[in-house]
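Hi everyone, and thanks for making time for this. I'd like to walk you through a structure that is new to many of us, so please have a look at it before I start.

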Amino acid sequence: MKIFCSRANPTTGSVEWLEEDEHYDYHQEIARSSYADMLHDKDRNIKYYQGIRAAVSRVKDRGQKALVLDIGTGTGLLSMMAVTAGADFCYAIEVFKPMADAAVKIVEKNGFSDKIMVINKHSTEVTVGPEGDMPCRANILVTELFDTELIGEGALPSYEHAHRHLVEENCEAVPHRATIYAQLVESRRMWSWNKLFPIHLQTSLGEQVIVPPVDLENCPGAPSVCDIQLSQVSPADFTVLSDVLPMFSIDFSKQVSSSAACHSRQFEPLTSGRAQVVLSWWDIEMDPEGKIRCTTAPFWAHSDPEEMQWRDHWMQCVYFLPQEEPVVQGSALCLVAHHDDYCVWYSLQRTSPEKNERVHQMRPVCDCQAHLLWNRPRFGEINDQDRTDRYIQALSTVLKPDSVCLCVSDGSLLSVLAHHLGVEQVFTVESSAASHKLLRKIFKANHLEDKINIIEKRPELLTSEDLKSRKVSLLLGEPFFTTSLLPWHNLYFWYVRTAVDQHLGPGAVVMPQAASLHAVVVEFRDLWRIRSPCGDCEGFDVHIMDDMIKRALDFRESREAEPHPLWEYPCRSLSEPRQILAFDFRQLVPPRPLCAEGTMELRRPGRSHAAVLWMEYHLTPECTLSTGLLEPADPEGGCCWNPHCKQAVYFFSPVLDPRAPLGGPQPVSYVVEFHPSTGDITMEFRLTDTPDSPLLSNKVA
């Protein structure tokens, strides 16, 4: 049996549907899950274990049997903790069948099959009664249904149903309570992920400014939360406007409601400024007394920053206010947290909490097109004035008054730069209706609707009539295409350049004129955890889960690179950066593969976790833009990564944890091949002194 799966085709820039093996989705779900990260989260595991022991003891002290309902059991870890703590029986609910099957095996492996029943259903389908899945209601409710936003995985509806149908009234619950916290800040950096700033450029006619359309300025933005490793944002990048405010709490031991609600907190700004962003996180208390507490707070709000647990399955939230608002130190305001059954959002009110209790604001939804076309890193990239200045510098060296410019990147403003720098005629190709509509708005706001020609079609379908029978003298790209996931997917620019070759005039300039693929071997401070086997977790054997993940990773698609924004994930370079392949955009896409092989010397001792790859675009011989490393590594190997781009990470297998011995300075050999017919890149790394070792071997596409 085959299934259809979407895949971005780097040679066409479009999303295609391909037939895949019937187990494809299963392997993807397992390989890219956070199971390994959760099992490595010792703080989470210990606090849950402590909370479960305490809950079982409270039930036993009342002379009752301890009957546990574990919703979303995953590996069965919490159920095994409950039985070990003295629970009489545990019903472990897991809706994902491959995971439920693994839980059955793990439970059996650890000797708990007689006291744990794994039920492969959604919890809302579980029945209670003589003929049901459970003979009676449970008196202890154990769950781990939380995501970075706390409620984004459907925790509220699941709890609501469980209290109505599956557990006793006022049951013990682990966790017992959750509290969401918020802090209001001003941050030009984070605000640049949500709004288009005026773009300034110096021309022969003086300073020109590209202004955003009014409806883009007024748009509340994308509805989804921005989840990041907030501790990696420098304190210099934001100004704190409020104390940390506890916005609302949920008691999981009582009936929970999934209905929409809002919660107000009055506060006085700590300083005057512009309210733009709400930073948010949560903690869970495992016991009624609040003595056993697990928090996702960033370092500046953590009670013990030195003991912070790194985790990627729970991060922190950035919410953007619908509009920035001035605030005055000492002048009281209300921060309002709104939520429905799955999402949280915030607004700022100037009324008192009493008057504000019934204020229900609709969840923000983009109505300007920009937030549908540009993701948050893309907003930041467009707002990067230094990046704009470098394009202006490069354009100034190649433009002539009689130039005819064709821009072929998705939703790019390079066409506006070219016009303001004096190009005679500018065309821009927008293959999607969303980008076409957005650029029309931007051009109209800047009185350019009659000066830049927008062509709504795929670049390879261009005709001479579209270009008004003019030959192109400058083909321009960033390159950026919305379908690109990995750095080299933007090589679609090369295919576009080839497709429009017939429209280029003699001596036409292509910018960027070339690109290159670069790599470095790194040791991650923490990101290795998402791929490292766990083996033993709090005394329970979870090797079956490790093997399951490994089999999924060995599946073809799962061996591909993973895109990660490495500014959020500190690492050390163990080798010097190496240019692997070069792509000359002045020439057509070659008919034969481009191949490269060589060695990378490991200059520093460390644990080789992965190879990181990125693209560099050479606008002119003097001007290069990197999507990866922005400057040489420091003496200790510390890396500074482009914050607007995701880099490609190839994890080596097995991924080494800090308990493994440090590696020596062995050279790493590589073989790389770019396949023009598919746009794919295959690569293999290997330690040269151990040719049969799989440590640094990973074939990818």
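I'll go through some helix packing and then some strand pairing.

One thing up front: this is a predicted model, so please keep that in mind as we go.

Let's begin with a pair of helices that sit close together in the sequence. Helix H3 covers residues 42–61 and helix H4 covers residues 77–84. Their axes are 9 Å apart, and the angle between the two is about 40 degrees. Is that parallel, perpendicular or oblique? Angles under 35 degrees would count as roughly parallel, and 65 to 115 as roughly perpendicular, so with its angle of about 40 degrees H3 is oblique to H4. As for handedness, the crossing of H3 past H4 is right-handed.

Which residues meet there? On the H3 side you'll find Arg44, Asn45, Tyr48, Tyr49, Ile52 and Val56. Facing them from H4 are Leu77, Leu78, Met81, Ala82 and Thr84. Sorted by class, this contact has 8 nonpolar residues, 2 polar ones and 1 charged.

Now to another helix pair. Helix H5, residues 97–109, packs against helix H16, residues 543–553. Here the angle is about 145 degrees, and the axes are 9 Å apart. H5 brings Pro98, Met99, Ala102, Lys105, Ile106 and Lys109 to the contact, while H16 offers Ile544, Met545 and Met548. That contact of H5 with H16 has 7 nonpolar and 2 charged residues, with no polar ones.

On to the strands, with a quick reminder. Strands of a sheet pair through backbone hydrogen bonds, in either a parallel or an antiparallel way.

The sheet I'd like to show you is open and has 3 strands, in the order E14-E18-E19, with antiparallel pairing. Which strands lie at its edges? They are E14, at 261–267, and E19, at 344–349, each of them pairing on one side only. On average, neighbouring strands of this sheet are turned by 20 degrees against each other, ignoring direction.

Looking at one pairing in that sheet, E14 and strand E18 (residues 333–339) share 7 bridges in the antiparallel sense. If you want a spot to find on screen, Cys262 stands opposite His338 in E18.

Last stop: a hairpin. Strand E32, residues 610–620, and strand E33, residues 623–626, run antiparallel and are joined by 4 bridges. How many residues does the hairpin use to join E32 to E33? Just 2 residues. Within this pair, Glu616 stands opposite Ser626 in E33.

That's my tour, and thank you for listening!

How values were computed:
Residues numbered from 1 in each chain as written. Predicted model: local features only at pLDDT ≥ 70, side-chain atom pairs only at ≥ 80, totals over all residues. Heavy atoms only, no water. Axes fitted to C-alpha atoms, helices over the stretch in contact; angles between N-to-C directions. Contact = heavy atoms within 4.5 Å. Nonpolar A, V, L, I, M, F, W, Y, C, P; charged D, E, K, R; others polar. Parallel < 35°, antiparallel > 145°, perpendicular 65-115°, else oblique. Left-handed = near helix turned anticlockwise from the far one by under 90°. Pairing = 2+ DSSP bridges.
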